[in-house]
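Please work through the exercises below with the sequence and the model side by side. Each task is followed by a solution that goes step by step.

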Amino acid sequence: MGTKLVVVESPAKAKTIGKILGKGYTVRSSMGHIRDLPVNRLGVDIENNFRPRYALVPGRAKVVAELKAAAKNADTIYLAPDPDREGEAIAWHLTHVLGRGEKDARFQRVQYNEITPRAVRGAFEHPGKIDIARVNAQQARRILDRIVGYKVSPVLWRRIKRGLSAGRVQSVALRLVCEREREIRDFKSEEYWLLGALVRKLSPPPDPFRIRLVRADGKKIEIGNGERAEAVRKDLEGRALRVSAVQARQVNKSAPPPYITSTLQQAGSSFCGFSPRRTMSIAQKLYEGIDLGDGPVGLITYMRTDSFNLAREAVAACRELIAARFGPEYCPAEPRFFKSRAGAQEAHEAIRPTDPARTPESLADRLKPEELKLYRLVWQRFVASQMAAARIRQRTAVVEAPPPEGRGTHYEFQATASEVEFPGYMKVLHERPEQTERQAEDGDDVEKLPALAEGEPLECLEWLAERKETQPPPRYSEASLVRALESNGVGRPSTYAQIIGTLQQRRYVAREKRTLSPTDLGFQVNDLLVSVLPTLFDVGFTAEMEKSLDEVENGSVEWTGMLARFYGQFAEWMNSLKEPSADGALVERLLGALQGVTDWAPEVETGGRVFSDERFVKSIRARAIEQGKGITHRQLAFLMRVAARYRQSAPEVDRVIVDSGYDAKLKAEAEAETGPLESTVRKLDLLRNLPLDERATSFVNSLRSRVDGKRALTERQIRALNNVVLRHADKIDGFDEMRGSLEIADYAGDDTESGPLLEAMAHVRHWKEPLRRGKRVFDDRDFFESLRRQFGERRFLSVKQRAALKRMVRRYRDQVPGYAEIAGQYDIERSRGRESHAET
């Protein structure tokens, strides 16, 4: 008798589902996708209606063989990957690899939003067919991403360096980060002042409280400089203060909805310090099943969702829990449901616990710490979403300072206090009452406000004045970048974590103190892409493409037609893509330097063509100077090579080449043409008898073999060789005198700081305890020893290392002799940053 084969995408999920289904079912894992576009070629036949050329994913041959063997004798094959585009595509590919495609009668598609006995058994009792529209949406997205990445990335290789990548959505996310960073850099702060008073009642209780100046003659007051602030303060001196009005109101604050993918990633970052990728990894484990002692159990619903939809059974169970645990007053009369954004997948649910009665406390000894943290967030948010609103009583006192004898300006102050009368959902989320929009703007909130009556006089204890400056917009955190992507309609729940992870892996952005900032490379990549393909990497255009993919999924748009419309635009953009002009000022300066050349090299005939340095320079001058047209980077590079031949006869040429940074490139090119430079041979000879470690010995020997074969070193190899020499410079007699002839730049950047700072830190005897963050351990003492060792080897530290060293000196200032003098000499107080533990 044939068996019932079930195929899911992960071993953990297979184990949980196998336990639920029991005997009669064979459950296997596909280990994710088994087919995809090929790695080493485009894999899309654009001329043949965008037909994809799928290939087995590398490393999946054994898995596929095992699945084929299991499918051979199966009467029914249940395809049970995740209920989204990627899961549908995995199921569809399985039908083509294990059978005769989706029309093979043996294949049944089963879907569920939670891995619980009720949900899984219900899905297997009512199997369906593969949703081909959803498959086509995944194929369209995959092909779009492949076309953009495959055809645009070479632009980066030609103009920046090889190995870089562009991505349809990834590059838009990078654009957001770069534009925010430029906003911050261009921001000009403006001074403003907040005025107020510290006052108290004339009768008990005598506790003082603050009031804030908000209006002058009935209009909102804005004070932009110290002179104006001082004038107002003097005008207030001696005035009586009295309460002119007391206003009270009740604010009902409803709970936020349960988490969806984007908000869970934001909460994981804000409350737990998890990256979006780590949040999703932990959520995946909670979804697929955790062993609670009697086999694995799915603890949360599917975690890739943009829908706030909730199963009525789950809501009913949650309301029962609320009434029993917190009291009937915490359970509203009607269950709460939330509206999803347009285009959300309503077949999915929001992220919630599969059983609300399974509290975080009951799982404390079963889950790992990070799993418990995330489960607690999900459980609290879901339970809170079904609880009664919090009732907050707000009281606002308006205090006036009338002018003497009715003359002059009439000033009004305010103070507002909020008091929770009934916590409602805040009993679970432990929130403080949030400020209203008006309070946040006026800044008149206080912790407590005594009972006040209209007309009651107040005693002024002190007039208050506080200088402030407007602040630039904050850098994106991983959480806020996810929020920005979602609000702009860029990306989808399944892609947010991957987008941000890719930006960091490519070193386009750096993460520091939970914020993201573009690296120099990230700026280069973004600026180039935006300059040559502005529409393709526009936020609005990318959002429209996401909408088109949604329309493919709901069946209203045919996928190949959508691809054809995109490709028509894309091909035009790529055909019209022109290399940006080289730096005009540099070109003009170089041409000016070449005007001093009077003795040009003779013409050279090669391959039937005659080449003349003089005529080439004249043609460039005619284009760039006389016609005012730009030249390409490639033309500038060739002009530099020509100019380099005349460095001796026209000294200004040499200065231009050095200042522009082309000197190193020209040297590398010269070495490539003529074999290894003499300086390279000398450096290898100096290292021959030095005691190098195993790694350095292997590297130097590989370079020596290359040089012995008369082969040139690359620019990167030369830099690495220079670093080896610098690390062992103290063992080379007369190194400082020969450094120039060795053509080793002063990488230390005139590092006169590190030695004295390291010497000062040598006095530290009591080190802070190491700090563990995840798997990493931050140990100040080990970090200091590492810096001291590196400085001893190469006699300099990098700029970043020096900044970290200064922060360390400040942390241990109590043990550093003469700290005040050192801090002043090396500007340590301005180097303040994170001051907890070592940073590298």
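A contact, as the word is used throughout, means heavy atoms within 4.5 Å. This is a predicted model, in which local features need pLDDT of at least 70 and side-chain atom pairs count only at pLDDT 80 or more, whereas totals for chains, interfaces and linings use all residues. Residues are numbered from 1 along each chain as its sequence is written, and side-chain values use heavy atoms, with hydrogens and water left out.

**Exercise 1. Describe the protein chain as a whole, and state where the prediction should be read with caution.**

Step 1. Begin with the contacts: of those in the protein chain with a separation of 6 or more, 73% join residues 24 or more positions apart.

Step 2. Turn to confidence, for which pLDDT is the predictor's own score for each residue, from 0 to 100. The protein chain has a mean pLDDT of 87, and 91% of its residues reach 70 or more. Over residues 434-442, however, the pLDDT is below 50, although this stretch has 18 contacts in the model beyond near neighbours in sequence. Residues 746-750 also stay under 50, with nine contacts beyond four places in sequence. Where pLDDT is low, the predicted coordinates should not be read in detail.

Step 3. Count the secondary structure, taking helices (H or I, at least four residues) and strands (E, at least two) as DSSP runs numbered from the N terminus. The protein chain has 31 helices and 23 strands, and its C-alpha trace spans about 100 × 95 × 65 Å along the principal axes.

Step 4. Consider burial, where buried means under 20% relative accessible area, exposed over 50%, and partly exposed in between (1.4 Å probe, protein chains only). Of the 840 residues of the protein chain, 49% count as buried.

**Exercise 2. Which peptide bond is cis, and which arginines have a positive phi?**

Step 1. Recall the usual geometry: most residues other than glycine have a negative phi, and most peptide bonds are trans.

Step 2. The cis peptide bond joins proline 204 and proline 205, with omega about 0 degrees. Proline 205 belongs to the loop between strand S9 (191-201) and strand S10 (209-216).

Step 3. Arginine 507 has a positive phi, near 60 degrees, and sits in the loop between helix H15 (496-505) and strand S18 (509-512). Because its relative accessibility is 64%, arginine 507 counts as exposed.

Step 4. Arginine 514 has a phi near 70 degrees, again positive, and lies in the loop between S18 and strand S19 (515-518). With a relative accessible area of 38%, arginine 514 is partly exposed.

**Exercise 3. Check the length of helix H17 (residues 539-553) against expectation, and find what its buried residues pack against.**

Step 1. The expected span of a helix is 1.5 Å times one less than its number of residues. The 15 residues of H17 should therefore span 21 Å, and the end C-alpha atoms are indeed 21 Å apart.

Step 2. Eleven of the 15 residues of H17 are buried, which makes this helix mostly covered; among them are Val539, Phe541, Met545, Leu549 and Val552.

Step 3. These buried residues pack against helix H3 (85-98), helix H5 (132-159), helix H6 (170-186) and helix H18 (559-575).

Step 4. Apply the test to H18, whose 17 residues reach 24 Å from the first C-alpha to the last, close to the 24 Å expected. The buried residues of H18, including Trp559, Phe566, Phe570 and Trp573, pack against strand S5 (51-52), H5 and H17.

**Exercise 4. For tyrosine 192, glutamine 108 and alanine 74, give the strand and the contacts made beyond four places in sequence.**

Step 1. Tyrosine 192 is in strand S9 and is partly exposed, at 29% relative accessible area. Its contacts include Ile223, Gly224 and Arg467; the C-alpha atoms of tyrosine 192 and arginine 467 are separated by 6.1 Å, though the two are 275 residues apart along the chain.

Step 2. Glutamine 108 belongs to strand S8 (residues 107-109) and counts as buried because its relative accessibility is 18%. Thr76, Tyr78, Pro127 and Lys129 are among the residues in contact with glutamine 108.

Step 3. Alanine 74 is in strand S7 (residues 74-79) and, at 5% relative accessibility, counts as buried. The contacts of alanine 74 are with Thr3, Leu5 and Arg106.
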